[in-house]
Amino acid sequence: MTETLTGIDMSVRAPEDRFRARKVSTEVEARPLSAALPPPGRLNPAARKAYYFYLMAPAIALLAFISLYPFFWLIVMAFQKGDMGAVEWVGFKNFIDLASDDRFLSGWVLLFRYSAMCLFLQVSIGVLLAVVVNGSRYERFLVTALLMPMMMAPAVAGLLWLFLYNGTFGWYHWIFHSLGLLGSGSILSSAKTAMYAIVLVDVWQWTPLITLIALAGLKRVPRDQIEANMVDGASPFRNFFAIVLPNLYPVLLIAVLLRFMDNFRFIDHILVLTGGGPANATKILPVYLFEVAFKFFDLGRGAAIALVLLVVTIILGKILVGVFDRPTAGGR
Amino acid sequence: MATVTIRNVWKYYGQTPAVKDLNVTCPDGSFVSILGPSGCGKSSTMRMIAGLEHISAGDILFDNQRINDLAPKDRDVAMVFENYALYPHKTVFENIANPLRLRGTADATIKERVTGAARLLEIAHLLERRPHELSGGQKQRVAIGRAIVREPKLFLFDEPIAHLDAKLRAHMRGEIKHLQRNLGTTMIYVTHDQLEALSMADFIAVMHDGELQQWGTPSEIFNKPVNAWVAGFVGEPAMNFLTCDLKRRGDDVVLSHHNFDIPLLPGQVRQLNGAAQAGIARMGVRPDAMTVSMTKPSEAAIQGEIFVNELLGGDMLVEVQLADSRIRVKTTPEFEGKPGEICYLTVNRDKWHVFDAGDGHAYF
C-alpha cells in the first residue's frame with residue numbers, strides 16, 4: 001500500500017515516472033483470485049447473498065469442524081448407552097433416568113446457589129471498586145493491580161487458595177480459627193463452609209473483570225446528566241442510583257451474562273479445592289457432569305446432562321438479555 | 001427570586017486562569033446575559049454559580065448570603081444545559097418531575113405542576129414519550145420544563161438554544177424572554193450569540209479572556225461600547241475599523257485618513273479630554289451609521305471604490321475599498337453601484353467611535 005502511494009506521489013512529481021507507472025499497470029495480468037467473483041456492489045440482492053456466503057464459507061467450514069461436529073456427536077451420544085466399547089441406542093432413557101437422580105437434582109440447586117452468590121458478590125463489589133477506582137489519582141496502577149487475579153490460571157488459583165485454606169498451615173484457616181469463627185474442622189472439610197470457600201475464590205478471581213467492564217461503563221456515563229441531577233437537588237448517593245446505575249445497565253448485562261455462563265462451565269478451582277465434597281456439598285451440576293462422564297465413563301448419561309445444562313444456559317441467557325434490554329435501561 | 005452578587009471571583013484550571021477578578025451584580029428579577037466567545041470564561045462563571053465548579057477565589061452571594069460552600073442541591077437554582085442533559089431512561093413526565101421528586105413533593109402536586117409546566121411550554125402531548133423520541137426543539141422545551149417546574153431563586157441557562165436551527169432559535173428567543181418576564185425569576189443566560197444577548201437581556205455582561213469587558217443594558221453595549229473589542233464583537237454585520245491620524249486644526253480635532261479629513265463634533269473633542277489629541281487612533285463606525293451614494297453629496301463625503309455588493313434580502317451590504325482597507329456599508333437593495341465604480345460615503349458623526357490605538361479603550 002505504502003509503495004503504491006509512493007509510486008503515485010512520484011508520478012505526480014516527475015512525468016517520466018508517470019509513464020512508467022502506466023506501463024506497469026497494463027502489463028499486470030495476474031489478478032487476485034477474488035477478482036473471479038464480481039464485486040458485490042453490482043449484484044442483485046440474491047446474488048449478493050451468495051457472494052457473502054462464499055466469502056464466509058471457509059470460516060463456516062472451520063467452525064463446523066471444530067465446534068458443530070462435536071456438538072452433534074454430543075446429541076447422538078445422549079441417546080446411546082455409551083461406555084468405551086459397545087454402543088447401544090436407548091432412546092430417551094438417559095434423560096428419564098436423570099429425573100430420578102438425586103445428585104443431578106441437588107447439583108442444580110447447588111449450581112444456582114453457587115452462581116447466585118458469585119454474581120451478587122461480584123457485581124456489587126465489582127461496581128463498588130469501579131466507582132472507587134474511577135477518577136482516582138492512582139487509577140492506572142489500581143487497574144493493573146486488580147487485573148492480577150484474572151491473569152492466573154483457574155487451577156493455579158485453586159491451588160493457591162488450597163494452601164490458604166489448609167487446615168494445618170493455611171493462613172485463612174488460622175485467622176478464622178483464631179477469631180473463633182471456625183469449629184474444629186478445616187474450612188474445606190466442613191459442609192457448612194466449603195460452598196462459601198469456593199464462592200470466595202471465584203469472587204476473588206473474577207470480580208476484577210466486572211470492575212474493568214463497569215469502569216469502561218462509568219467512563220461513558222454522561223457528565224451533564226449527573227450535573228443536571230445534582231442541580232435538580234440530588235445527593236451523590238441518589239445520583240448514583242438515578243443516573244449512574246441506569247447508564248451502567250447495558251455493560252453490566254454483558255458482565256453478568258459472561259460470569260453466569262462461566263459459573264456454569266468453569267469448575268477448575270472446585271475440582272482442585274474440594275472435588276465436589278465434602279459429602280457432595282459443593283457438587284454443583286458441572287462437577288457432577290465431569291464425574292459421570294470422565295470418572296464413571298458413563299458417556300451417554302454425561303452427554304444427556306451436558307445437553308440439559310446447555311439448554312438451560314441458553315434459556316437463562318435469553319431471559320437475562322430480555323430483562324436488561326428493556327427500553328428503560330437503554331442508552332440515549 | 002434573588003439578587004446575585006459575584007465579588008472578586010477567580011477561577012483557575014491548574015495554573016491557567018479562566019475567570020479573572022469578576023465583579024457583577026445581577027438585580028433581583030432581571031434577565032442577565034453573559035456574552036462572549038468560546039473560552040472567555042462565561043460557562044465557568046455559570047458553573048461556579050450552579051456549584052458544579054469550585055470557586056478558586058472570591059465570593060458568590062445570593063441575597064447577601066454567601067453560597068460558595070453550598071452543594072448544588074442546596075443552592076436552589078435551576079439550570080438548562082447546552083445539550084439539554086435529559087435522563088434517557090425516564091419519560092418526559094419523569095424528567096420534568098425529577099426536581100420535585102428529589103424534594104419529596106406529594107404526587108398530586110407533582111402531577112399538577114408538571115402538567116402546568118408542560119402546558120405552558122406546549123409539550124403536554126409528549127409527557128409519556130422518552131427523550132430519544134423527541135426533536136431538538138422538543139428536548140429543549142423539556143429541559144426548560146424541568147427548570148421551571150419548581151420556583152427556584154435563580155435560572156441558569158447555558159446556551160440552551162445554540163443547537164436549534166435558525167428559525168426555531170428566533171422563535172425560542174421570544175418564548176424564553178416572555179417566560180422570564182411572566183415568572184419574574186432572576187435569570188442568568190450564557191451565550192456566544194450577540195443577537196441573543198441583545199434581543200433578550202435586561203443587562204449584558206460582555207466577557208473576553210476571563211475578564212469582564214463591559215456591563216450594561218443592550219443599548220449601552222451596542223451604542224456605547226467601552227472598548228474596540230466589545231464594539232467589534234457586538235453587532236452584525238460587524239463594526240468597521242479604520243486606523244486614522246488625529247490632528248489638531250485650529251479649534252477642531254480632525255480625524256485624518258488617506259481618503260478623508262473629517263473634524264470631530266465639538267462634544268467629542270471634549271470627550272477626547274486632551275488625550276491622544278495628536279497621534280494615531282482607531283475610528284469605528286457601524287455599517288448602518290453611514291450612507292453610500294454614487295454622486296458626491298457634500299464636500300465632506302469620503303471617496304471610495306466599490307469592491308463588492310452583497311444582497312441580504314431587505315438590505316444590501318456594499319464593501320468599499322478605501323486605500324488599503326475595506327469598510328462595509330448598509331444600504332437599500334435599490335442601490336445601483338457596480339463593483340469597480342467610484343462611490344461616496346457619508347458618516348453619521350453622532351454614531352461613530354474613536355478608540356485608543358494602544359489599549360483599545362473608547363474615547364466616545
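Chain A averages a pLDDT of 82, and 83% of its residues score at least 70. I begin there since what I present this morning is a predicted model, and confidence should come before geometry. Among the elements of chain A, helix H1, residues 2–13, has the lowest mean pLDDT, at 43, while helix H5, residues 102–133, has the highest, at 93. Two stretches of chain A call for caution. Over residues 1–28 of chain A, pLDDT stays under 50, and the model has three contacts beyond four places in sequence for them. Over residues 328–332 of chain A, pLDDT again stays under 50, here with twelve contacts beyond four places in sequence. Where pLDDT is low, the predicted coordinates should not be read in detail.

Chain B has an average pLDDT of 90, with 99% of the residues scoring at least 70. Within chain B, confidence is lowest in helix H9, residues 266–272, at a mean of 83, and highest in strand S3, residues 31–35, at 95. For the model as a whole, ipTM is 0.83 and pTM is 0.75.

Let me turn to the architecture of chain B. Please look at the open sheet of six strands, whose order is S6-S7-S8-S3-S9-S10, with mixed pairing. The edges are held by strand S6, residues 77–80, and strand S10, residues 211–216, of chain B; each has a single partner strand, so one side of each is left without a neighbour in the sheet. On average, and with direction ignored, neighbouring strands of this sheet are turned by 15° against each other.

At the S6 edge, the partner is strand S7, residues 154–158 of chain B, and the two pair in the parallel sense over four bridges. One of the residues involved is B:Val80, whose bridge partner in S7(B) is B:Phe157. Two helices lie across parts of this sheet. Helix H4 of chain B, residues 136–148, lies across S6 and S7 and runs at about 175° to S6(B). Helix H5 of chain B, residues 166–183, lies across S3, S7 and strand S8, the last being residues 186–191, and runs at about 160° to S8(B).

Further along chain B there is another set of paired strands. Strand S16, residues 302–312, and strand S17, residues 315–322, pair in the antiparallel sense over seven bridges, with B:Ile306 standing opposite B:Val320 in S17(B). S16(B) and S17(B) form a hairpin with two residues between them, and B:Gly313 in the turn has a positive phi of about 70°. S16(B) is also joined by four bridges to strand S19, residues 342–347 of chain B, again running antiparallel. There, B:Glu305 has B:Ile342 in S19(B) as its bridge partner.

Now the interface. How many residues does each chain bring to the contact? Chain B gives 25 residues and chain A gives 18. The size of an interface is often given as the accessible area lost when the parts come together. Between chain B and chain A, about 1900 Å² is buried, and carbon and sulfur atoms give 59% of that area.

On the polar side, nine residue pairs are in polar contact between chain B and chain A, both residues being at pLDDT 80 or more. Two salt bridges are found across the interface. One of the salt bridges in the model joins the side chains of A:Glu227 and B:Arg47, at 2.6 Å from N to O. On the side of chain B that touches chain A, the elements giving two or more residues are helix H1, residues 42–50, S6, and helix H2, residues 92–102. Of these, H2(B) supplies the largest share, four residues. S6(B) thus appears twice in this account: as an edge strand of the sheet and among the elements at the interface.

Over all chains, the count of salt bridges comes to 24. Among them is the pair B:Lys11 and B:Glu53, with the closest N and O atoms 3.9 Å apart. This pair links distant parts of the chain, 42 residues apart: B:Lys11 is in strand S1, residues 4–13, and B:Glu53 is in the loop between H1 and strand S4, residues 57–62, of chain B.

I close with two points of backbone geometry. Most residues other than glycine have a negative phi, and most peptide bonds are trans. B:Ala85, in the loop between S6 and H2 of chain B, has a positive phi, near 50°. The peptide bond from B:Glu236 to B:Pro237 is cis, with omega near -5°. B:Pro237 lies in the loop between helix H8, residues 228–233, and strand S11, residues 240–249, of chain B.

Methods:
Residues are numbered from 1 along each chain as its sequence is written. Chains are lettered from A and ligands numbered from 1 in the order in which they are written. Side-chain values use heavy atoms; hydrogens and water are left out. pLDDT is the predictor's confidence in each residue, from 0 to 100. Two strands pair if DSSP finds at least two bridges between them. Axes are lines fitted to C-alpha atoms, for helices over the stretch in contact, and angles run from 0 to 180 degrees between N-to-C directions. Contact means heavy atoms within 4.5 Å. Buried area is the accessible area (1.4 Å probe) that two parts lose on being put together, summed over both. A salt bridge is a side-chain nitrogen of Lys or Arg within 4 Å of a carboxyl oxygen of Asp or Glu. A polar contact is a pair of N or O atoms within 3.5 Å; within protein, one must be able to donate a hydrogen and the other to accept it, and residues adjacent in sequence count only if both atoms are side-chain atoms.
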